[in-house]
Amino acid sequence: MAGVKLFDILKYHRNSRWIYCLLLIQLYAVDAQTDGNYVVTVADANWTLVLQDEWMIKFYAPWCPACQHLQADWESLGRQSESLGISVAWVDVTQQPGLSGRFLVTTLPTIFHAKDGNFRKYVSAWTIEDIQAYVVERKWAAVEPVPGWKSPSSLLMSGTATLFQLSVWIRQIHTHLTSTLGIPSWCSYVIFAIITLFMGQVLGLMLVLIADCIWPSRPKRIDNKTVLTVKEDVSDEEVEDILSENKRTSDLDNERERVSAEGLTDEEGQITDSCSELPPPEGAAECSMRKRNLQGLNTSEGT
């Protein structure tokens, strides 16, 4: 009986330890969940939350000393977010490079104030008192918001975020090729160069096809010119007849031009004779007028 009781006591103590460890784990999880509710972690999947209501967003990196110095005050601001009527968030740029490109973050830490989709960069002191005064006293109203083309929700910034994500993806692939597979670095660079050239050719072909669909090429203009075509089965006599006919037509045209030129010359001589018969003032004026008309007629016929 004594052995059985001792075994029960040891079993009870062992179970008590496990229960105690489970309670500690649950309490730690509750505390972590409570702290997490104060400060919202923003990522690529949920960043659109900051487009509504009022937010204070901090961009940081774990290795940044200034970010570590600001962390305690930022958590304190998160605990006061409900009384201030705002939401407090932070973004780890090492985990979310796309958001750092979307917001054009170049220095750390960087703080943004968001109000109904309008973003303003916080440039005041980083103390908890100054941040609270920035929100309570509405100092953000005196700051010019980010232009529309630089807004995180704009098409340009969305493309920038995609480029940042692509750069991180390429770096991860390079690391996998060189570290995990043991491929030399120059081989990895050659692979990326070939892929880049291939993608450039594909994109160029797509652009050409799109341009051809939008602005199709116009057909070439063909002048209406008389072209003499000779069939293979035409005899030499028929060819000579055609050439002689064309020559006669050309001679008739030349004869007509000569006759018209002689007629104009005769008219000009008649005008000159008639001008000499008139008195000098009137004759000169009328003669010059007739010559002008004759010159205009010659020009029109020549055209």
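**Exercise 1. Name the residues that H174 touches, not counting residues up to four places away in sequence, and place H174 in the secondary structure.**

Solution. Once residues up to four places away in sequence are set aside, H174 touches S185, S188, Y189 and F192. The next step is to locate H174 itself, which is found in helix α6, the helix that covers residues 155–180. One of these neighbours is also a polar partner, since the side chain of H174 makes a polar contact with the side chain of S188 at 2.8 Å. These values, like those that follow, come from a predicted model.

**Exercise 2. Describe the protein as a whole: its secondary structure, its buried fraction and the range of its contacts.**

Solution. Begin with the elements, which come to 9 helices and 5 strands; read along the sequence, they follow the pattern α-β-β-α-α-β-α-β-β-α-α-α-α-α. Turn next to burial, where 23% of the 303 residues count as buried. The protein exposes about 22,600 Å², and carbon and sulfur atoms supply 60% of this area. Finally, among the contacts with a separation of 6 or more, residues 24 or more positions apart account for 66%.

**Exercise 3. Identify which residues of the largest nonpolar core touch the most other members, and which elements supply the core.**

Solution. The largest nonpolar core has 34 residues, of which M56, I57, F59 and W74 touch the most other members. At least two residues of this core come from each of β2 (54–60), α2 (65–79), β3 (87–92), β4 (110–115) and α5 (128–136). Among the contributors, β2 gives the most, with 5 residues. As background, nonpolar side chains tend to be buried together in soluble globular proteins.

To see the surroundings of one such residue, take F59 and leave aside its neighbours within four places in sequence: F59 is then in contact with V91, V93, L99, F103, V105, L108, P109, T110 and F112.

The helix α5 can be treated in the same way, beginning with its buried residues, which are I128, I131, A133, Y134 and V135. What covers these buried residues includes β2, α2, α3 (81–84), β4 and β5 (118–121). After α5 comes R138, whose phi is positive, near 55 degrees.

**Exercise 4. Classify the aromatic pairs W47–F103 and Y60–W90 from their ring geometry.**

Solution. A search of the whole structure finds 7 aromatic pairs, two of which are worked through here. For W47 and F103, the ring centres are 6.5 Å apart and the planes stand at 85 degrees, so the pair is edge-to-face; the cut-off that decides this is an angle over 60 degrees. This pair joins distant parts of the chain, as W47 is in the loop between β1 (39–41) and β2, F103 is in the loop between α4 (97–102) and β4, and the two are 56 residues apart. Both W47 and F103 are buried.

For Y60 and W90, the centres are 5.8 Å apart and the planes stand at 55 degrees, so the pair is tilted. Distant parts of the chain are again linked, with Y60 in strand β2 and W90 in strand β3, 30 residues apart. W90 counts as buried because its relative accessibility is 15%, the limit for this class being under 20%.

Two further steps complete the picture of the rings. W47, F59, F103, F112 and F119 form one aromatic cluster, and K58 lies over the face of Y60, at 5.0 Å from the ring centre.

**Exercise 5. Decide whether S100 and A66 are buried, partly exposed or exposed, and describe the contacts of each.**

Solution. S100 has its place in helix α4, and at 9% relative accessibility this residue counts as buried. Its side chain reaches the backbone oxygen of P97 at 2.5 Å. Leaving aside neighbours within four places in sequence, S100 is in contact with V93, V105 and F164.

A66 lies in helix α2, and at 29% relative accessibility this residue counts as partly exposed. With neighbours within four places in sequence again left aside, A66 is in contact with P109 and W126. As a last step, consider the C-alpha atoms of A66 and L108, which are separated by 7.5 Å although the two residues are 42 residues apart along the chain.

Note on methods. Residues are numbered from 1 along each chain as its sequence is written. This is a predicted model: local features need pLDDT of at least 70, side-chain atom pairs count only at pLDDT 80 or more; totals for chains, interfaces and linings use all residues. Side-chain values use heavy atoms; hydrogens and water are left out. A nonpolar core is a set of buried Ala, Val, Leu, Ile, Met, Phe, Trp, Tyr and Cys residues joined through side-chain atoms within 4.5 Å. Buried means under 20% relative accessible area, exposed over 50%, partly exposed in between (1.4 Å probe, protein chains only). Contact means heavy atoms within 4.5 Å. Rings of Phe, Tyr and Trp (its six-membered ring) pair if their centres lie within 6.5 Å; planes under 30 degrees apart count as stacked, over 60 as edge-to-face and the rest as tilted. A charge sits over a ring if NZ of Lys or CZ of Arg is within 6 Å of the ring centre and within 35 degrees of the ring normal. Accessible areas come from the Shrake-Rupley method with a 1.4 Å probe; for residues, only the protein chains shown count as cover. A polar contact is a pair of N or O atoms within 3.5 Å; within protein, one must be able to donate a hydrogen and the other to accept it, and residues adjacent in sequence count only if both atoms are side-chain atoms.
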